[in-house]
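Notebook open, model loaded. I'm jotting down what I look up as I go.

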Amino acid sequence: VRLAAGALNKPLNVLAPFIKNATVAQLSEAGAKRISVGGALARAALSSLIRAGLEMQNQGSFQWTTGSVSSSEVQKLLR
């Protein structure tokens, strides 16, 4: 990121999931001006959905509900 940012005369956009274990602060310090996650949030949500479905199908259990966000928490975020 530092090398690319130093070679450009324009802001550097970084797709963060391709730079594993980097923090926003580290990417910013290296010269990133815009940080994107691309489709990673959608894939994270789909991963949880798939794990939950497989648990119900294979174990017949609902442990995946442990730690789920409550309806009231969702409503707070959507206000």
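Which side chain does Glu29 meet in a salt bridge? I find Arg2 there, at 2.5 Å, N to O. My cut-off for a salt bridge is a side-chain nitrogen of Lys or Arg within 4 Å of a carboxyl oxygen of Asp or Glu. Searching the whole structure, I get one salt bridge. Glu29 sits in helix α2 and Arg2 in helix α1 (residues 2-7), so the pair ties together parts that are 27 residues apart in sequence.

Ground rules, before I forget. This is a predicted model, so I take local features at pLDDT of at least 70 and side-chain atom pairs only at pLDDT 80 or more, while totals for chains, interfaces and linings use all residues. I number residues from 1 along each chain as its sequence is written, and side-chain values use heavy atoms, with hydrogens and water left out.

Back to the salt bridge: are its partners buried or exposed? Glu29 counts as exposed at 56% relative accessibility, and Arg2 is partly exposed at 49%. I call a residue buried under 20% relative accessible area, exposed over 50% and partly exposed in between (1.4 Å probe, protein chains only).

**Strands.** Helices (H or I, at least four residues) and strands (E, at least two) are DSSP runs, which I number from the N terminus. Strand β1 (residues 12-15) runs parallel to strand β2 (residues 32-36), and four bridges join them. I count two strands as paired if DSSP finds at least two bridges between them. Opposite Leu15 I see Ser36 in β2. From β1 the chain crosses through helix α2 (residues 24-29) to β2, a right-handed β-α-β crossover. Right-handed here means that, with the strands pointing away from the viewer, the path from the first strand over the helix to the second runs clockwise.

I also checked the faces of β1. Leu12 and Val14 are on its covered face, Asn13 and Leu15 on the uncovered one. In a regular strand the side chains alternate between the two faces of the sheet.

**Core.** Which residues make up the largest nonpolar core? I list six in all: Ala5, Leu12, Val14, Ala16, Leu27 and Ala32. The rule is buried Ala, Val, Leu, Ile, Met, Phe, Trp, Tyr and Cys residues joined through side-chain atoms within 4.5 Å.

Next I followed Leu27. Leaving out residues up to four places away in sequence, Leu27 touches Val1, Val14, Ala16, Ile19, Ala22, Ala32 and Ile35. Contact means heavy atoms within 4.5 Å.

Ile35 is in strand β2 and is partly exposed at 34% relative accessibility. With the same sequence exclusion, Ile35 touches Val14, Ala16, Val24, Leu27 and Ser28. I also took the C-alpha separation of Ile35 and Val24: 7.7 Å, for residues 11 apart along the chain.

**Backbone.** Asn21 caught my eye with a positive phi of about 65° although it is not a glycine. I place Asn21 in the loop between β1 and α2, exposed at a relative accessible area of 78%. Gly60, just after α3, also takes a positive phi of about 65°.

**Helix α3 and beyond.** How many residues does helix α3 have? I count 20 (residues 40-59), reaching 28 Å from first C-alpha to last, close to the 28 Å expected at 1.5 Å a residue. That expected span is 1.5 Å times one less than the number of residues.

Ala45 lies in α3 and is partly exposed at 48% relative accessibility. From Ala45 to Ser71, 26 residues on in sequence, I get 17 Å between C-alpha atoms.

Thr65 is in the loop between α3 and α4 (71-78) and is partly exposed at 38%. Thr65 and Ala52 are 13 residues apart in sequence, and their C-alpha atoms are 8.1 Å apart.

Last stop: Leu77, in helix α4. Leu77 is exposed, with a relative accessible area of 70%. I get 38 Å, C-alpha to C-alpha, between Leu77 and Gly6, which are 71 residues apart in sequence.
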